[in-house]
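Hi everyone, thanks for coming. Have a look at the model with me, and I'll walk you through a few of its contacts.

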Amino acid sequence: MLTKIAGGDIVDPVNGRLGKGDLWIKDGKIVAAPAGEAADRTIDAAGCIVMAGAIDIHSHIGGGNVNTARLLLPEQHAAYQARPAATPLSNAGWSTFQTGCLYAKMGFTTVVEPAMSPGSALHTHLELADIPIIDKATLAILGNDDFLLSMIRDDAPSTMIEDYVAWTVASTRALGVKVINAGAAAAFKENVRTFSLDDEVPSYGVSSRKIVKTLQAAVDSLGLPHPLHVHCNNLGSPGSSDTAAATIAAADGLPLHLAHLQFYGYGTEGKRGFSSAAARLAELVNATPEVTIDIGQVMFGQTVTVSSDVMRQFSARGSAHPKKTVIHDGDGNGGGIVPYSYGKDFYGTMQWAIGLELFLLIDDPWRVFFTTDHPNGAPFTAYPALFELLMSRKARTEMAAGLSRSALALSTLAAIDREYTFEEIAIMTRAAPAKLLGLTDRGHLGAGAIADIAVYRRDESIAKMLGQAAYVFKDGDLVVQDGEIIHYRWGKALRLKPAVDKAMVRRLEDYHQQRYGLSLDWFNFPDSAIAREQPFGEVPCRT
């Protein structure tokens, strides 16, 4: 079928298209305007903004911690209703199944789960496979596992460490590598409760800095498109900006991505010893071109923090709301589930302002990425309201009027006039994520790209406009019309396939037999577990 999207305002920074025009779709791809060929279907996009499908690089949508959060907090779910037989993993409200529907309605077509434990890769992929419409990818966690720490301690050759990283990415079907509070989970097992960049892990004698630098070099040497994805030390602590600043400096010319920088934007000024250091961090990011960051914006309301940073979650359990938590000190990272409600008090206001400051003070939209660290800063369903805050100074001012004045006095937010343009939004949520992840087939509207397209009808309310797409195409299929799902399909699993060294496989086989009494085969699972590309029936999708 040949489809024409006619007369829309095209916003495609990659190909320099910023103005009224048409798009053509054939066989799931965007094609050049065919000469003398009539469209089989025409979509009238007059008065609409047309962009590529959006990409979320950091959203916790699958895996053990996410599922545990569902079990811990049934009161935050919709009332139980039986699910279609085609979605066997979905038993509670806001399930894996609904995740894909809710993302698609906003025009998102690709989402990355950024924290997959290698030992639970199959579980994670099974959950992600149950998410319809959108394409999914994962980042594999390294940096607290005994095998890696032992190699670093024993001064193993860099090539051997690269072989281990390559095997991990290949065996878990990941798109990259993440390190979470490097070394801290291993130190936690020996009763260490605080851990900074230059602290050493007991029994191994290696610092957090050494772990990060080792993994950064391995990822770069292997040529993995996405730089090492770093969850820094001291998340959420007053003075954490010093840790973030030191980590930025440690990039040392090699690409490095810092996750949810808002949670490290905390200074120690004021009578409460808690203030905004966003301006300082933004200046450092602006001056360090090899560093990219995502924000982890806080929005007000009830959520649940889900993290493999077991040290942080253990220390935060006293602030749980409601008062219940799960802490899992498992192999490698472990993790924790701590429900939390962000109020409009001093601390909530401070966190809200810091995230917006970072968004608005970092100059280059190609190096700052749109996230709430779902669900940690807010559910991803808060994205439309966040877009409005970025694109409207008036919206920020109106929101700030009902917040803590003493907190805002310790922030520069009120003095910032910048408003994001549609072009900057398209860069930050489409073009830049595709580039960061090495996905050349998406994030733009050029001929040859997959036909992931979002069409938004202009509205005075930016939140309404970007929260309810007029049309969304996924691989050329029209899946959303007027903010509602009209067609269901399965997305793909995006992965890398680095070459695996046979000697490393033999070494890992011996290690697992000696350490766990298990064959390495327990890591193996078929590709059919990670991809759901067959046709999908017209099954109702509730929200």
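In helix 12, Glu388, Leu389, Leu390 and Met391 meet Arg393, Ala395, Arg396 and Met399 of helix 13, where contact means heavy atoms within 4.5 Å. Please keep in mind that this is a predicted model, where local features need pLDDT of at least 70, side-chain atom pairs count only at pLDDT 80 or more, and totals for chains, interfaces and linings use all residues. Residues are numbered from 1 along each chain as its sequence is written, and side-chain values use heavy atoms, with hydrogens and water left out.

Helix 12 covers residues 383–391, and its axis comes within 5 Å of the axis of helix 13, crossing at roughly 110°. That makes the two helices, 12 and 13, roughly perpendicular, a label for angles of 65 to 115 degrees. The residues of this contact between helix 12 and helix 13 are five nonpolar, no polar and three charged.

Now, which residues of helix 11 touch helix 13? They are Trp352, Leu356 and Leu360, against Arg396, Met399 and Ala400 of helix 13. Helix 11 (residues 346–361) packs on helix 13 (residues 393–400) at about 165°, with the axes 12 Å apart. Helix 11 is therefore roughly antiparallel to helix 13, the term for angles over 145 degrees.

Last stop, the strands. Strand 17, residues 301–307, has five of its seven residues buried, that is, under 20% relative accessible area with a 1.4 Å probe, protein chains only. Strand 17 pairs with strand 19 (residues 335–342) in the antiparallel sense, over seven bridges; pairing takes at least two DSSP bridges. Val306 has Ile337 of strand 19 as its bridge partner.

Conventions:
Buried < 20%, exposed > 50% of the residue type's maximum accessible area, 1.4 Å probe, protein only. Helix = DSSP H or I, 4+ residues; strand = E, 2+ residues; numbered from the N terminus. Axes fitted to C-alpha atoms, helices over the stretch in contact; angles between N-to-C directions. Parallel < 35°, antiparallel > 145°, perpendicular 65-115°, else oblique. Nonpolar A, V, L, I, M, F, W, Y, C, P; charged D, E, K, R; others polar.
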